[in-house]
Amino acid sequence: MEVNHGLESCTRHIGVTTIQLPEDHRVWPNRRLVLVDTPGFNDTNQAEYETFRRISIWLAQSYDIGTKVTGLVYLHAIGQTRMTASALLSYDVFHTICRQNAVSRVVVATSQWDTIALPIGEYRENELRTRWWKKIINQGAHYQRIEEPVRDIPGIIEHLLEKHAVSIQIQEELVDMDKRVAETEAGKKLTISLEKMLGTPSAMHPSQGKEEELTDSGLFSVEGALLERVERLKEMQLPSVSVRATPLIKISVTP
């Protein structure tokens, strides 16, 4: 997966990477792990609703074929000088997507420690843990500092692989309750947040129906056709995990 150190977002589409776990793995021996990398809400190339729609589609399609979530990772660059509106939006929607039933499967992490002096980073880290992320951590989310990605990211994955797979709120809303994307709790949160940011009603309610809304369109490229990838995952019955280098990540393992 590509890691970006510039000002422009590098994750524009949902990316899927498969990793073969070793035969002596203590939890999932000889299983294949699926990492799902998603765009963040600070994307420089697309609107917040389109990003949210893409993530929602992937989650709904994967849940519909029986794939639940083992873990989700939220990444925050410690070099950010302030908590921006887009960062707050990303975190609020992420928290709403998870809710209580999946929050214990969440890791909130700080990255890019090599871009900042340690004392400044520690000050910002403390503020994140005691202010911005206090609620989700108190609810059971795990905090992790990523100083050496090669060492620390596998540690995050191993921590999450110890969890049992669950469905997350937005999957149940879209599939079990047959809601449209804008009708989900996370969709409502995004609408309210965007209206506060922009000071005007947001274009969060597209005119198409539920089926059209959750159908792969020309805007939704997943490094290949989405439905083809979903069918391949269904045939292989892979463990599904997701980790990314920008605000939102998903990790899950199928039985």
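A salt bridge is taken here as a side-chain nitrogen of Lys or Arg lying within 4 Å of a carboxyl oxygen of Asp or Glu. In this predicted model, K179 and E173 satisfy that criterion, their closest N and O atoms being 3.1 Å apart, and both K179 and E173 are buried. A search of the whole structure returns 10 salt bridges, of which the pair formed by K179 and E173 is one. In general terms, side chains of opposite charge can pair when their charged atoms come close.

A further salt bridge joins the side chains of R54 and E50, with an N to O distance of 3.1 Å. These two residues both belong to helix α1, where they are four residues apart, or about one turn of the helix. R54 has a relative accessible area of 5% and is therefore buried, and E50, at 13% relative accessibility, likewise counts as buried because the cut-off for that class is under 20%. The pair does not stand alone, since E50, R53 and R54 are linked in a network of salt bridges.

In helix α7, the side chains of E185 and K188 meet in a salt bridge with an N to O distance of 3.5 Å. E185 and K188 are three residues apart in this helix, so that about one helical turn separates them. With a relative accessible area of 32%, E185 is partly exposed, and K188, for which the relative accessibility is 40%, is also classed as partly exposed. Both values fall between the limits of 20% and 50%, which is why neither residue is counted as buried or as exposed.

The nonpolar interior was examined in turn. In soluble globular proteins, nonpolar side chains tend to be buried together. The largest nonpolar core of the model comprises 41 residues, among which F52, I97, V106, W133, I136, I168 and I170 touch the most other members. Two or more residues of this core are supplied by each of the strands β2 (32-37), β3 (71-77) and β4 (106-111), and by each of the helices α1 (48-64), α2 (85-102), α6 (169-176) and α7 (185-198). Helix α2 makes the greatest contribution, giving eight residues to the core. A second core, separate from the largest one, consists of seven residues, including V73, V107, A109 and I156.

Helices α1 and α7 thus appear in both parts of this description, as contributors to the largest core and as the helices that hold the pairs R54 and E50 and E185 and K188, respectively.

How values were computed. Residues numbered from 1 in each chain as written. Predicted model: local features only at pLDDT ≥ 70, side-chain atom pairs only at ≥ 80, totals over all residues. Heavy atoms only, no water. Core = buried A, V, L, I, M, F, W, Y, C linked by side-chain atoms within 4.5 Å. Buried < 20%, exposed > 50% of the residue type's maximum accessible area, 1.4 Å probe, protein only.
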